[in-house]
Amino acid sequence: MGLERVSTDLLERQLVANRELEARLHAVNLEILEELDRRQVAALDGCRSLVEWVASRLDVGPETARKLVSAMKRTVDRPELRRALADGVSLDRVEALSWIEEEPGRLEHLDVSGVRREAALRRRVTPPEEHRSVRDRFLVLQPSLDESWWRIRGGLDAVSGAVVDTALTEAADSLPSLPDGTRGDGPWRRATALVELCVGSEPPPAQVTVFVDARHGAATGGEAGTVLEVGPRAGRLALHAVLCDSTVEVTARTEDGRYMEYGRRVRTTPPALRRAVLHRDGGVCAADGCRSRYRLQIHHLVPWSEGGTTESDNLVTLCWYHHQVVTHQLGYTPYRHPDHGRIRFRPPRRAPPE
Ligand SMILES: [Zn+2]
Ligand SMILES: [Zn+2]
């Protein structure tokens, strides 16, 4: 068409003029649709609804069909809106205006989103609607096929949504910075905050079963024959996290294949030692700069699963965030700074190429 020679101003005006033309066509189409609806074409042609009929006959998606049919129905008793459409006011604006009992010209100062907000503001919420929005609340947690990832979706009534939103925003805002000084983006912080809120004031009674096979174990000095059960998709990092401060149950299989339970439900850190470490660290997170007293956990500086001892020198108090998120999930390594003994973090080593 050789548009490159046309001025930007003219292109813009042409675009607007075409949109007005489209609105005039919509105005005619709404009249036609109304008449066809009166003749019950949908039922006569074996369609479940006028929306379905429009989608098939005009070859448009259900959302476009729904928009046309709803605009038609909502303007049947609003001749002034049909006139506005015929004068070139957009279908979106007419649809938004149809929710408000007012002359269309009065809201010209608002854009279409503004009209929709205004309509929402004036909409009356009846008690039955409120009951419905409470009954319709839902939350679905869906694991991926290999359970390595969860998807969450749901819906909430207005008040519950605001409560959850406020709690998540506050919890996300109060997460400390990462050791590298960044804070993570908003969605990541909110997801982390959600987990933190669910953890509760005490660490969950995570329980790991350790299977020790005496035959393999004895032959290899304990290097083989040990199997840990922590769910199907826990990687090495998750394993370290769960072994670091949790309850462990050891089950041994003897030479003749019998199962023998011992050390039933042992905390990896005995309660008395735990209290001693908490006391030594002043009952706060030992991470340099963090004063959190919230959900404190005991971390093994040399991992329990790598032979780190459960002695106070190897143990340190960390808040849930510094322990679970920074250390075990993001892979920072806490260490005691040689000068002042405060806990700092070494950044994670890059994973070797596979
Ligand atoms: Zn730990
Ligand atoms: Zn902390």
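Where is the place of D59? D59 sits in the loop between α3 and α4, and the tour returns there after the overall picture.

**Before selecting anything**

This is a predicted model, in which local features need pLDDT of at least 70, side-chain atom pairs count only at pLDDT 80 or more, and totals for chains, interfaces and linings use all residues. Residues are numbered from 1 along each chain as its sequence is written, while chains are lettered from A and ligands numbered from 1 in the order in which they are written.

Show the whole protein as a cartoon. The protein has 14 helices and 10 strands; helices (H or I, at least four residues) and strands (E, at least two) are DSSP runs numbered from the N terminus. Of its 354 residues, 19% count as buried. A residue is buried if 20 or more other C-beta atoms lie within 10 Å of its own, exposed if 12 or fewer, and partly exposed in between, with C-beta atoms placed from the backbone. Among contacts in the protein with a separation of 6 or more, 47% join residues 24 or more positions apart. Two residues are in contact if their C-beta atoms, placed from the backbone, lie within 7 Å.

**Stop 1: helix α1**

Select residues 8-38, which form α1. This helix of 31 residues reaches 45 Å from its first C-alpha to its last, close to the 45 Å expected at 1.5 Å a residue; the expected span is 1.5 Å times one less than the number of residues. Now colour A23, H26, A27, L30 and L33, the buried residues of α1. They pack against α4 (62-74), α5 (79-86) and α6 (91-97). An α-helix has 3.6 residues a turn, so residues three or four places apart point the same way.

Add α4 to the selection. The axes of α1 and α4 are 9 Å apart and the helices pack at an angle of about 80 degrees. Axes are lines fitted to C-alpha atoms, for helices over the stretch in contact, and angles run from 0 to 180 degrees between N-to-C directions. The two helices are therefore roughly perpendicular to each other. Angles under 35 degrees count as roughly parallel, over 145 as roughly antiparallel, 65 to 115 as roughly perpendicular and the rest as oblique. On the α1 side, pick N29, L30, L33 and E34, which meet L68, V69, A71 and M72 in α4. By class, this contact of α1 with α4 has 6 nonpolar, 1 polar and 1 charged residues. Ala, Val, Leu, Ile, Met, Phe, Trp, Tyr, Cys and Pro count as nonpolar, Asp, Glu, Lys and Arg as charged, and the others, Gly among them, as polar.

**Stop 2: Q40**

Move just past α1 to Q40, in the loop between α1 and α2 (41-44). Q40 is not a glycine, yet has a positive phi of about 55 degrees. With 11 C-beta neighbours inside 10 Å, Q40 counts as exposed.

**Stop 3: α3, D59 and α4**

Select α3 (residues 50-58) together with α4; their axes come within 8 Å and cross at roughly 120 degrees. That makes α3 oblique to α4. In this contact, L50, V51, V54, A55 and L58 belong to α3, and P62, A65, R66, L68 and V69 to α4. The contact of α3 with α4 has 9 nonpolar, no polar and 1 charged residues.

Between these helices lies D59. Phi of D59 is near 55 degrees, a positive value in a residue other than glycine. D59 is exposed, with 9 other C-beta atoms within 10 Å.

**Stop 4: E101**

Go to E101, in the loop between α6 and α7 (112-122). E101 is exposed, with 8 other C-beta atoms within 10 Å. Draw a distance from its C-alpha to that of A119, 18 residues apart along the chain: the separation is 9.3 Å.

**Stop 5: α9 and α10**

Select residues 158-173 for α9, a helix of 16 residues. The number buried is 1, so α9 lies largely in the open. Add α10 (residues 186-199), which packs with α9 at an angle of about 100 degrees, the axes 8 Å apart. That makes α9 roughly perpendicular to α10.

**Stop 6: Q324**

Finish at Q324 in α14 (residues 320-329). Q324 counts as buried, with 24 C-beta neighbours inside 10 Å. Leaving aside neighbours within four places in sequence, Q324 is in contact with A241 and Q329. Q324 and A241 are 83 residues apart in sequence and 6.7 Å apart in space, C-alpha to C-alpha.
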